[in-house]
Each structure stands twice: as C-alpha cells, then as structure tokens.
Amino acid sequence: MKPSALSIICACVWTLISAPANAMRDYIDVVGSSTVYAFSTVVAERFGKTSQFHTPKIESTGSGGGLKLFCQGVGMKFPDIANSSRRIKPSEIDLCQQNGVNEVIEILIGFDGIVLAQSKLAEHIQLTRRELYLALAKSVPNPDGSATTIDNPFITWQDINPRLPNIEIEVFGPPPTSGTRDAFSELVLDYGCHTFDWLAQMSEPQSQAQTSSREARTRKNQQRRLCRMLREDGAYIDAGENDNLVVQKLNANPNALGLLGFSFLDQNRDRIKSAKIDGFSPSFSSIANGDYPISRPLYFYVKKAHIGMIPGIEAFIREFVSDNASGESGYLPRKGMIPLSKSERQAIEYRINALHTIMHQ
Amino acid sequence: MRKASHKSSTAKVPSTIDLVNRNLAKRKRAEWRFRVYGIGAILFGFICLLILFTDIISKGHGAFFKTQIHLQIHFNPQRLQVLQPGAIEQFNNANYDNVIQDALFADNARISPALLSAVDKRQLLSLISTGAVYSLRETLTDSPGVLNQSVGVWLTVDDDVDNYVKSLAHGGEGYTGRLSQQQQSWVNRWIENGQVRQTFNTTFFTSGDSREPEQAGIRSALMGSLYMLLVTIGLSFPIGIAAAVYLEEYAPINRVTDFIEVNINNLAAVPSIIFGLLGLAIFIGFFDMPRSVPLVGGLVLTLMTLPTIIISSRAAIKAVPSSIRDAAYGLGASKMQVVLHHVLPLAMPGVLTGAIIGFAQALGETAPLLMIGMVAFIVDVPADLMDPSSALPVQIFLWSDSPERAFVERTSAAIMVLLAFLISMNGLAVWLRHRLGRSHQ
C-alpha cells in the first residue's frame with residue numbers, strides 16, 4: 001500500500017511540475033455564445049478534417065463570458081476568437097485595451113432568427129410586437145389613455161385584442177442570462193413599448209433649457225425599466241436554457257407559446273409551428289431580407305495579435321466566411337443560420353483580403 | 001365507592017396475557033403496516049428507476065445502430081483528381097464528393113432517367129452523410145488497388161434519412177422531418193431495392209464529438225472522463241487516507257483538530273461549482289495551466305472528492321475495534337506497524353466503499369468543469385492529460401441542447417454509457433469489499 005501510494009503521489013506531483021506553463025498551443029481556442037457555438041462547431045469540424053491544422057476547440061460560455069475571457073490578454077493562454085450573438089460593448093472594448101488586446105477584427109457571419117412557436121395542434125396565432133409587449137411587460141400603459149402605467153392586467157390574449165383567441169397568456173422562454181432573452185426584450189418589448197407615444201417620448205428632453213444630463217439619464221433608465229421588464233405573475237414562464245425542453249413543453253400544452261431559436265423550429269417542424277409576427281412568418285428569406293422582425297446578428301471577434309502566432313487562424317476565418325460554409329446554399333444555412341446577402345459577404349471577404357496583405361508586408 | 005370499585009376490579013381485572021392478547025391484533029396490524037411502508041418506499045424507488053430506464057433505453061437504443069446505403073462507387077482517377085499513378089499522398093486530397101455524386105446519379109438514373117435539376121442534385125447529395133468521403137478515403141488508402149475499379153460500398157446516410165428509416169421501422173408513417181417528398185421517394189426506392197441496412201454504430205464509440213449526429217461519438221468525452229478519473233484516484237485516494245489516518249490515529253484532540261474536522265465536514269457539503277471557481281483561480285490563474293485539459297479537471301475533482309473520502313475513511317478506521325490495536329501494541333508493534341498492518345487492512349472495505357462513491361460522484365459532475373473550460377466541442381480524441389477534452393456528463397449536456405433531432409437518441413445513449421460506467425464502478429466496490437473483507441477474517 002505505502003510504496004504504491006507514494007509512487008502515485010510522486011508521479012502526480014511530477015506531472016504537475018512538468019506541466020508546461022505556457023506550452024505552444026497548436027490548436028485554435030474559441031470561446032463564447034452558445035448560439036454561435038452551434039455554427040462555429042460545424043466549421044471547426046470541417047476545418048479539422050480538411051486542413052492540415054488541428055480541430056479548433058470551441059467552448060460554450062455565453063457571449064458575455066466569452067468576451068470577458070477573450071479580453072484578458074494576448075498570449076498562448078488566452079482565447080484567439082470570441083463568438084458573440086451581439087455586438088461587442090464599449091465596456092468590453094475598454095477591458096480589451098486595458099489588457100493589451102488592441103486590435104480586434106469583427107466579422108459578421110449571419111443572423112439567427114428568434115421565433116415564437118406553438119404546438120402543431122394549436123390554432124394559428126398572429127401577433128404584433130405591440131400586442132406581445134402588452135401581453136408580457138410587467139407594467140403596461142393605463143388603458144384610460146393617461147400617461148401612467150398599471151400592473152399588467154391582461155389574462156387572455158383576447159383581453160388585449162378581440163381578434164385574438166380566448167386563451168390564457170402563457171409563454172415559455174429562456175432565463176435572463178440568455179442572449180435570446182436579451183434580443184427579445186430589445187426587439188419586441190422595447191419596440192412594442194415605443195408604439196405608445198408618451199413612452200417613446202419619455203427619454204426625449206422635456207424642455208431643452210433645463211434638463212440636466214443626470215435627469216435625462218434617470219428618465220432613460222425609467223423608460224428602459226418600463227419597456228423591458230417582463231411580468232412575473234406566471235404568464236412568462238422561465239423554461240431554462242434548453243430549447244429542446246421548450247419544444248417538449250409546447251407539445252404537452254397546445255395553448256402555450258414558446259421562444260426558440262430558428263434552428264429548433266427548423267428541426268421540429270412535425271411538432272411545432274411558428275406564430276406570425278407583424279404579418280410575417282419566420283423563414284430563411286423573410287429573416288434574411290429583414291421582413292421578419294426578430295433576428296439578431298451573429299459575430300465573431302478575432303485577436304489580430306494571434307494571427308501568425310497560433311497556426312491556422314486565418315485559414316479558419318476563410319473557411320467560416322467561404323461560400324461553401326456561409327453562402328446561401330452552404331452548410332451553415334443547412335444548420336439553421338440565416339445567411340448574409342451576397343454583397344455583405346463580399347464586403348467581409350474584401351476586409352479579410354486586406355488583412356492578408358497587411359500580414360505579409 | 002372504593003369498595004365497589006375494588007370489588008368490580010377484582011372480578012374483571014385482566015391478566016397480563018389477556019392484555020397482551022387484546023392488543024396483539026392491533027400490534028400485528030401496526031407491524032404489518034410498518035412493513036408495508038418499507039416495501040412501498042422500495043417499490044416507489046424501483047418504479048421511478050424503471051420509468052427512467054425505460055425512457056432512456058427506449059429513446060437511446062436507436063443510437064447504437066446506423067443506417068447505410070449500398071452504392072456502386074467507381075473510383076475514377078479523373079473524377080478523384082488523382083492523376084499521378086502510384087502517389088498515395090494524393091488520396092488525402094482527392095475529390096471524393098465527385099465519385100459519390102457520380103454513383104448517386106448513376107443509381108438514380110437507373111430508376112428515373114429523367115434529367116435532374118440543380119436543386120434535385122443538391123437534394124440527392126444531401127442524403128449521404130458528409131462523413132462518407134472520409135470512409136471512402138480510408139477504403140482507397142487501405143487498398144490502392146481499387147483505383148479505376150467499381151466497388152460496392154456501404155455508405156452512412158445523413159441524420160435526416162437515418163431518422164426517417166428508423167421511424168419507418170417502428171411502423172406508421174415515419175418521421176419525415178426536413179426531407180422533401182422527392183427525397184422520401186428516393187429513400188423509399190432504396191429501401192424497396194434492398195440497398196438500405198442497419199448496422200451496429202461503431203462510430204458512436206470510436207469517434208469524437210461532431211455536429212453531424214451520424215458522425216458523433218463519445219470517444220473523446222469518454223477518454224477525457226477516464227483521464228480525469230485517473231488523476232482524481234491517483235491524488236485523492238492516498239491524500240485522503242493519509243489525512244484520515246493522521247486525524248484518527250495520531251492527531252491530539254484539541255481545538256485545532258476540532259476546527260479541521262468542522263471544516264472538512266463543511267467542505268463535503270459545498271456546492272461543486274465553488275470547487276470549479278477555486279480550480280479556475282488556483283490552477284489556471286495562478287499556476288498558468290491551460291484551460292480545458294483533463295489534468296486541471298482531475299485536480300478540481302480531487303478537491304471535490306477529498307472531503308468525502310476523508311470522512312468515510314475516518315469512519316471506517318474508527319470502526320476497527322481497539323482490541324486489535326491493543327493486541328498489536330502488546331506484541332511490540334510500532335504505531336506505524338499497527339496502522340499499516342492491522343488497522344488499515346481491516347478498514348479497507350469501508351475506505352474503498354467511500355472512495356468509490358466519491359469517484360462515481362466525480363464522474364457525473366459537470367458544474368465545476370464549466371468554470372475550467374471543459375464544456376467544449378472536442379473532436380480529436382485526447383491523447384494525454386494535457387490535451388483539451390470534455391467529459392461524459394458534459395457531452396450529454398451539450399447534445400441535449402443541440403437542435404438536431406437525431407441528437408435526442410444520442411443523448412440517451414450517452415446516458416446509458418455513463419450509467420454502465422457507474423454500475424461497473426459500484427460493482428467493483430462491492431466485489432472489493434467482499435474480497436478484502438474475506439481475506440482478513
């Protein structure tokens with residue numbers, strides 16, 4: 001017992017010490033959004049199989065977590081690429097610069113549609129963003145028309161608009177940490193909220209002379225709170241991060257609606273269908289041309305200092321934006337990503353080529 | 001009054017045996033009820049387990065089989081773009097898509113010679129797994145003689161087709177998913193012609209993760225889990241036993257040891273994500289170790305399992321009767337000899353049980369691994385402790401969150417593999433306990 005235990009300890013301690021502190025990393029390290037993860041992994045896998053480089057390692061940390069890791073610094077132990085389902089924030093750019101990450105290349109790869117799905121058995125529902133705001137916001141404008149808000153009184157969809165079915169408002173969706181939820185708040189609730197004139201004008205200065213910047217900011221925050229807070233009385237049901245779970249719940253409850261990524265709708269068409277929003281059903285074309293209102297951009301950010309340091313980064317970027325991958329009939333749209341238009345893709349390719357010439361000077 | 005009562009009581013006072021008899025039926029009923037509660041509790045657990053197992057197995061068994069179709073592949077050097085004869089290196093970069101395309105068109109032309117539109121062509125191609133090119137590359141590299149020959153090959157189909165064929169086998173209309181009418185009719189023709197078969201899905205055990213369900217496997221996750229477990233066993237077992245022996249046999253009883261004991265008991269109840277944060281700060285932050293490697297994962301899990309092992313080992317050591325120690329001291333054994341020759345061997349079954357339960361817990365842990373970057377997409381099978389890898393429970397989590405329908409059955413199949421792993425570990429614990437228990441009696 002004793003000698004073997006000792007030798008194991010020795011072996012382990014030795015491994016610990018000999019663990020190369022900053023060994024050459026020969027694979028690309030990608031972190032970030034779980035939405036982009038679904039597409040980034042497909043590219044990584046093909047890249048690993050068809051190029052002479054190793055398969056990149058893709059971590060699913062969420063957009064915020066990924067960018068935070070990404071901005072920790074330049075060097076082998078920091079990620080090379082961050083995936084994000086939103087644009088990088090100014091505070092994150094600041095963090096990057098504090099840590100010496102000065103040059104970051106932003107690449108837009110496509111869009112992700114957010115759909116409001118319902119069970120296939122349910123009666124088809126058509127909604128506007130204003131109706132969705134009224135159904136799901138914590139406090140809604142007072143129906144008597146005055147510029148005040150009341151706690152959301154609506155119980156059934158019919159209460160909001162007589163045209164809508166007489167069923168209880170029940171929406172399954174992701175928790176506050178999710179990017180899908182952020183996008184929904186911004187693109188649906190905020191938009192719906194701004195269809196009320198007094199709420200929309202709230203952030204505008206009342207009288208230009210006296211309004212201090214501080215006052216303007218509090219008004220803006222107040223507006224944000226009124227517009228984006230989701231109700232907490234059970235009409236919006238937090239169903240966790242797992243979209244497959246939402247599909248199952250919709251299947252069990254035909255009266256409910258659920259917030260999902262477009263690829264989940266695409267894969268489960270035998271069980272669920274999508275609600276029309278502002279008159280449009282989500283589809284590749286309606287999302288790509290902007291008719292369907294709820295979609296968000298998918299980005300990835302590349303640390304310029306790492307190109308040339310870690311083998312294969314440039315080739316990986318090229319694979320990602322190639323026609324074969326993100327083109328209209330590429331393999332990423334087959335996985336549910338909404339592709340960019342041809343001109344947008346060309347612009348990005350042009351930027352990458354420009355980078356190429358810089359790299360070889 | 002007193003008299004009367006006395007009289008009546010002398011007449012009716014029951015003997016002890018009467019009292020016992022009167023209550024007997026009630027006590028027996030209570031006894032019976034008590035047993036029924038116990039059986040009920042076990043039945044409840046058993047039914048839950050049964051539901052879980054039937055659910056997982058009914059969903060997951062399909063993942064152990066994959067659908068393949070038989071195609072006549074002509075390894076045409078022109079189409080493969082292999083032009084220099086004898087240069088085997090060219091096989092790596094040859095264009096296998098072309099020959100698959102040709103085979104599909106030839107096959108299809110035999111059924112419906114009508115010219116195919118571009119859309120039809122794409123639809124036809126998408127029926128075959130994108131991994132088929134790698135299996136063709138293997139065929140060609142293994143036997144370069146097939147170049148310029150026509151060979152019958154079984155090719156794995158795309159996950160949509162796989163789902164469709166499997167659901168057809170269950171009877172009913174079949175889950176068409178994303179297949180178009182045209183694609184369904186092609187697949188139906190293949191089935192009628194006997195060109196479709198189901199074989200054991202070796203890919204599931206031999207390859208790493210993939211975003212194409214038909215190419216996805218658990219190998220990389222399984223190896224990651226194994227490496228982590230090795231590190232955990234190698235570190236936490238000796239450290240845990242050494243700590244337990246010292247605390248039980250050597251340490252004086254004072255405030256310091258009390259403090260240590262309280263802390264160990266506390267640590268055993270700390271949520272595992274905290275250990276992940278600790279690992280992130282110490283091993284990755286301070287020691288500069290890379291993210292996502294099994295070594296760091298194993299170290300974090302070591303921290304997590306240590307308290308469990310120390311507590312159970314202490315209990316097992318405490319349970320060794322002191323007469324054994326006294327007898328050994330009486331024969332002149334030193335303290336170390338008492339511990340190593342008498343106390344530890346007798347305590348071993350208990351120590352092992354506790355340790356293996358700790359390791360099983362570590363095997364199923366995902367939360368701390370999230371912090372150290374092991375919730376990642378790993379295709380290449382890790383070759384050593386410093387290669388990036390994921391772990392089995394992480395793989396289950398990632399697949400359960402994937403949109404592709406075919407990952408549902410793979411998720412359940414991975415759960416089955418994890419359960420098999422756990423059952424064999426617990427079986428090992430029982431076996432060891434029996435063996436060690438017998439040899440020292």
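Helices here are DSSP runs of H or I with at least four residues, strands are DSSP runs of E with at least two, and both are numbered from the N terminus. Please keep in mind that every view below shows a predicted model.

**View 1. The loop around Asn148(B).** Let us start in chain B, where Asn148(B) sits in the loop that links helix 7 to strand 2 (150-156). Its backbone is worth a look: phi of Asn148(B) is near 70°, a positive value in a residue that is not glycine. Is Asn148(B) buried, exposed or partly exposed? With 13 other C-beta atoms within 10 Å, Asn148(B) is partly exposed, because the buried class begins at 20 such atoms and the exposed class ends at 12.

**View 2. Two sides of helix 7 of chain B.** Just before that loop comes helix 7, which covers residues 132-142 of chain B. Four of its residues, Ala132(B), Val133(B), Leu136(B) and Leu140(B), are buried. Why do they fall on the same side of the helix? They span an arc of only 95° around the axis, so they share one side of helix 7 of chain B. An α-helix has 3.6 residues a turn, so residues three or four places apart point the same way. On the other side of helix 7 of chain B you will find Glu138(B) and Asp142(B), both exposed.

**View 3. Strand 1 of chain B and its two partners.** Strand 1 of chain B runs from residue 65 to 74 and pairs with strand 3 (residues 196-200) of chain B in the antiparallel sense, over 5 bridges. To find your place in this pairing, look for Gln68(B), which stands opposite Arg197(B) of strand 3. Strand 1 of chain B is also joined to strand 2 of chain B, again antiparallel, by 7 bridges. Here a handy landmark is His74(B), with Ser150(B) of strand 2 opposite.

**View 4. The domains of chain B.** Chain B is assigned three domains: domain 1 (1-42), domain 2 (62-201) and domain 3 (219-439). Taken over C-alpha atoms, the centres of domain 2 and domain 3 of chain B are 46 Å apart. How many residues of domain 2 of chain B are in contact with domain 3 of chain B? There are 7, and they meet 7 residues of domain 3. The domain 2 side of this contact is made up of 2 nonpolar, 3 polar and 2 charged residues.

**View 5. The annotated span in chain B, and Asp288(B).** An unreviewed UniProt entry lists residues 222-429 of chain B as "domain: ABC transmembrane type-1". In the model, 76% of that span is helix and 1% is strand, and its end C-alpha atoms lie 21 Å apart. Zoom in on Asp288(B), in the loop between helix 13 (272-286) and helix 14 (294-318) of chain B. Asp288(B) has a positive phi, near 65°, although it is not glycine. Asp288(B) counts as partly exposed, with 14 C-beta neighbours inside 10 Å.

**View 6. The two domains of chain A.** Turning to chain A, we have 361 residues, 40% of which count as buried, with 16 helices and 13 strands. Each domain is built from two stretches of the chain: domain 1 takes 24-112 and 296-359, while domain 2 takes 113-206 and 214-295. Their C-alpha centres are 30 Å apart. Across the boundary, 16 residues of domain 1 of chain A are in contact with 14 residues of domain 2 of chain A. On the domain 1 side, helix 2 and strand 4 (104-119) of chain A each supply at least two residues. By class, that side holds 5 nonpolar, 7 polar and 4 charged residues.

**View 7. Where chain A meets chain B.** In this last view, 37 residues of chain A are in contact with 32 residues of chain B. On the chain A side, helix 1 (2-18), helix 2 (34-50), strand 2 (57-59) and helix 11 (262-267) each bring at least two residues. Which of these elements gives the most? Helix 2 of chain A does, with 8 residues. The chain A side as a whole divides into 15 nonpolar, 15 polar and 7 charged residues. The two chains also share a strand pairing: strand 2 of chain A and strand 4 (residues 376-377) of chain B run antiparallel over 2 bridges. Look for Ile58(A), whose bridge partner in strand 4 of chain B is Phe377(B).

Technical notes:
Residues numbered from 1 in each chain as written. Chains lettered and ligands numbered in written order. Predicted model: local features only at pLDDT ≥ 70, side-chain atom pairs only at ≥ 80, totals over all residues. Domains from an automatic or database assignment. Contact = placed C-beta atoms within 7 Å. Nonpolar A, V, L, I, M, F, W, Y, C, P; charged D, E, K, R; others polar. UniProt positions renumbered as here; feature names shortened; annotations may be inferred. Arc of directions from axis to C-beta. Pairing = 2+ DSSP bridges.
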